[in-house]
Amino acid sequence: MNEITFYIDNIAYTIDIGEDPGQVLEKSIKAMLSTDESLSTKDVLLAYLKRTEEMVQYKRKLKGIIHTIPSLEQFKEKSEE
């Protein structure tokens with residue numbers, strides 16, 4: 001069990017982030033949100049919106065990459081030639 005405690009509007013929230021090999025998730029979260037001081041609700045919402053925007057951009061890039069990969073049918077057609 002791996003836990004992180006955040007202080008939001010002076011209230012402690014402890015969250016179990018589960019297994020985190022190399023503490024990758026913990027480091028990523030701490031890069032966005034401080035665990036040493038109380039955050040405002042606005043700070044937490046802003047961090048969430050920024051991370052959501054990043055994920056949307058990654059999704060667009062991934063769709064573009066996937067679009068360039070031939071489908072299984074196209075691959076079969078080429079191998080039959």
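In this predicted model, Lys30 makes a salt bridge with Glu26, and their closest N and O atoms sit 2.9 Å apart. Both residues belong to helix 1 (residues 24-32), with 4 residues of spacing, or about one turn of the helix. The two partners differ in cover: Lys30 is partly exposed because its relative accessibility is 40%, while Glu26 counts as buried because its value is 12%, and the cut-off for buried is under 20%.

How many salt bridges are there by this rule? The count is 2. The other pair is Arg51 with Glu54, where the closest N and O atoms are 3.5 Å apart. Arg51 and Glu54 are both in helix 2, 3 residues apart, again about one turn of the helix. Here Arg51 is partly exposed at 26% relative accessible area, and Glu54 is partly exposed too, at 31%. As general background, side chains of opposite charge can pair when their charged atoms come close.

Here are the two pairs in brief.

| Salt bridge | Closest N and O atoms | Element |
|---|---|---|
| Lys30 and Glu26 | 2.9 Å | helix 1 (residues 24-32) |
| Arg51 and Glu54 | 3.5 Å | helix 2 |

Now to the sheet. It's an open one with 3 strands in the order 2-1-3, and the pairing is mixed. Strand 2 (11-16) and strand 3 (38-39) are the edges, each pairing on one side only. Strand 1 (residues 3-8) runs parallel to strand 3, with 2 bridges between them, and antiparallel to strand 2, with 6 bridges. Ile8 is a handy residue to look at: its bridge partner in strand 3 is Leu39, and in strand 2 it stands opposite Ile11.

Strands 1 and 2 form a hairpin with 2 residues between them. What is unusual about phi in this loop? Most residues other than glycine have a negative phi. Asp9, though, has a phi near 50 degrees, a positive value in a residue that isn't glycine, and it lies in the loop between strand 1 and strand 2. Asn10 is found in that loop as well, and its phi is also positive, at about 65 degrees, although it is not a glycine. As for cover, Asp9 is partly exposed because its relative accessible area is 42%; Asn10 counts as exposed because its value is 69%, and exposed means over 50%.

Which residues make up the largest nonpolar core? There are 8 of them: Ile4, Phe6, Ile8, Ile17, Ile29, Leu33, Leu39 and Ala47. Strand 1 gives the most to this core, with 3 residues. So Ile8 turns up again, as a core member that also pairs with Leu39 across the sheet, and Leu39 is in the core too, because a core is a set of buried nonpolar residues joined through side-chain atoms within 4.5 Å. Another core residue worth a look is Ile29: setting aside neighbours within four places in sequence, Ile29 is in contact with Ile4, Phe6 and Ile17. In general, nonpolar side chains tend to be buried together in soluble globular proteins.

Not every nonpolar side chain is tucked away, however. Leu62, Ile65, Ile66 and Ile69 make a nonpolar surface patch of about 400 Å². One of these, Ile66, is in helix 2 (residues 41-68), the helix that also holds the Arg51 and Glu54 pair.

Terms used: Residues numbered from 1 in each chain as written. Predicted model: local features only at pLDDT ≥ 70, side-chain atom pairs only at ≥ 80, totals over all residues. Heavy atoms only, no water. Patch = residues over 30% accessible without salt bridge, like charges linked within 9 Å, V, L, I, M, F, W, Y side chains within 5 Å. Areas by Shrake-Rupley, 256 points an atom, 1.4 Å probe, with all protein chains shown as cover. Salt bridge = Lys/Arg side-chain N within 4 Å of Asp/Glu carboxyl O. Pairing = 2+ DSSP bridges. Buried < 20%, exposed > 50% of the residue type's maximum accessible area, 1.4 Å probe, protein only. Contact = heavy atoms within 4.5 Å.
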